[in-house]
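Please look over the chain shown here. The report below covers its overall build, its confidence scores and a few single residues.

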Amino acid sequence: MTLFDEAFGVVPEGVVNIDLDGDQELYVDSLRILRVHDEDFDNQDAKLNTWAYMAACDSMLDSPQDYQHLQRLLMVPREVNATRFGLGAGKPQGNGTSAPMLMKVFRMLRQIEGLKSTEHPESLLTFTPRFGPDRYSDLLTNIMARDFIRFTQRKCRRYNIPMTKGHKMNVFNPDTLEWEMLTDVELPEHNGLAILLVPKDILVSEYQYTAQEYVNHDILEGRKLFYVRDGRPLPKREIFKIETEDILHDKFKTYALAEAVREPKRFVGFLEKRQTLIG
């Protein structure tokens, strides 16, 4: 294990002292973008990039001529190893999500009245089958990669941390609305591998808006009242078993999405509460 400060003699303010030889279970959180107040990070640009990505995907749903373009956008990018964030070996990453599956979720999001999907990319994590925290964080990291590259370069220049050119980085281009590969990025490196710094205030150890969180703390609480009024008081686990008995796969996400469409105000309120808790 080699910590960042052991390799470079300093840890820039506002970043995690990462282990350069392994992954840390930390994830980029879209709800925390505007919480980052660091002169080296443009939080408004990062927020705009996530908005542009979501808006592009949504706008292409009804356009047959844009189908191939949309498929390219929805291909979940590879893990950005340069951050040193992600799941450890042998842990489930939630891979296997297909572009058609993400398209289906985007269409369903339109049915959640009051939800501005362009402002809530976290809805993709909540509802998309086989799309786990690691894949969602990878998507956000790729969308905001340009912002993280600039953040890293500014920190390195401020703290006299050496950088080398020639590193490759997959990024989202908000002008062309395409993924593109940058091939001559200047970044610090360790043992020949690039290092991408990320503001620590945008990171979480776990997401607070998973399907399990929404089902257990919001949906089933409301359903308990329904069963009590119906003269059948039941614990939440029994209610969940009854109401998902016909769902064969991804019970939590499938049930959560169906309930969000049925009671949209509940899900919108759920996200608003999560945002309020972050501040």
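What follows runs from the whole chain down to single residues.

This is a predicted model, in which local features need pLDDT of at least 70, side-chain atom pairs count only at pLDDT 80 or more, and totals for chains, interfaces and linings use all residues. Residues are numbered from 1 along each chain as its sequence is written, and side-chain values use heavy atoms, with hydrogens and water left out.

**Overall build**

The chain has 11 helices and six strands. Helices (H or I, at least four residues) and strands (E, at least two) are DSSP runs, numbered from the N terminus. The radius of gyration is 20 Å, close to the 19 Å that the globule rule gives for 279 residues, so the chain is as compact as a globular protein of that length. That radius is taken over C-alpha atoms, and the rule is 2.2 Å times the number of residues to the power 0.38. The C-alpha trace spans about 70 × 45 × 35 Å along its principal axes.

Of the 279 residues, 52% count as buried. Buried means under 20% relative accessible area, exposed over 50%, and partly exposed in between (1.4 Å probe, protein chains only). Among contacts (heavy atoms within 4.5 Å) between residues at least 6 apart in sequence, 72% join residues at least 24 apart.

**Confidence**

The pLDDT is the predictor's confidence in each residue, from 0 to 100. The chain averages 90, and 95% of the residues score at least 70. Among the elements, helix H7 (residues 145-158) has the highest mean pLDDT, 97, and helix H4 (residues 99-109) the lowest, 86. Over residues 89-96 the pLDDT is below 50; this stretch has 13 contacts in the model beyond near neighbours in sequence.

**Single residues**

Glutamine 44 lies in helix H2 (residues 43-60). Its relative accessible area is 53%, so glutamine 44 is exposed. The C-alpha atoms of glutamine 44 and aspartate 147 are 10.0 Å apart, although 103 residues separate the two along the chain.

Now the backbone. Most residues other than glycine have a negative phi. Leucine 177 has a positive phi although it is not a glycine. Asparagine 191 also has a positive phi and is not a glycine.

| Residue | Phi | Loop between | Relative accessibility |
|---|---|---|---|
| Leucine 177 | about 55° | strand E2 (164-173) and strand E3 (178-187) | 23%, partly exposed |
| Asparagine 191 | about 55° | strand E4 (189-190) and strand E5 (193-194) | 66%, exposed |
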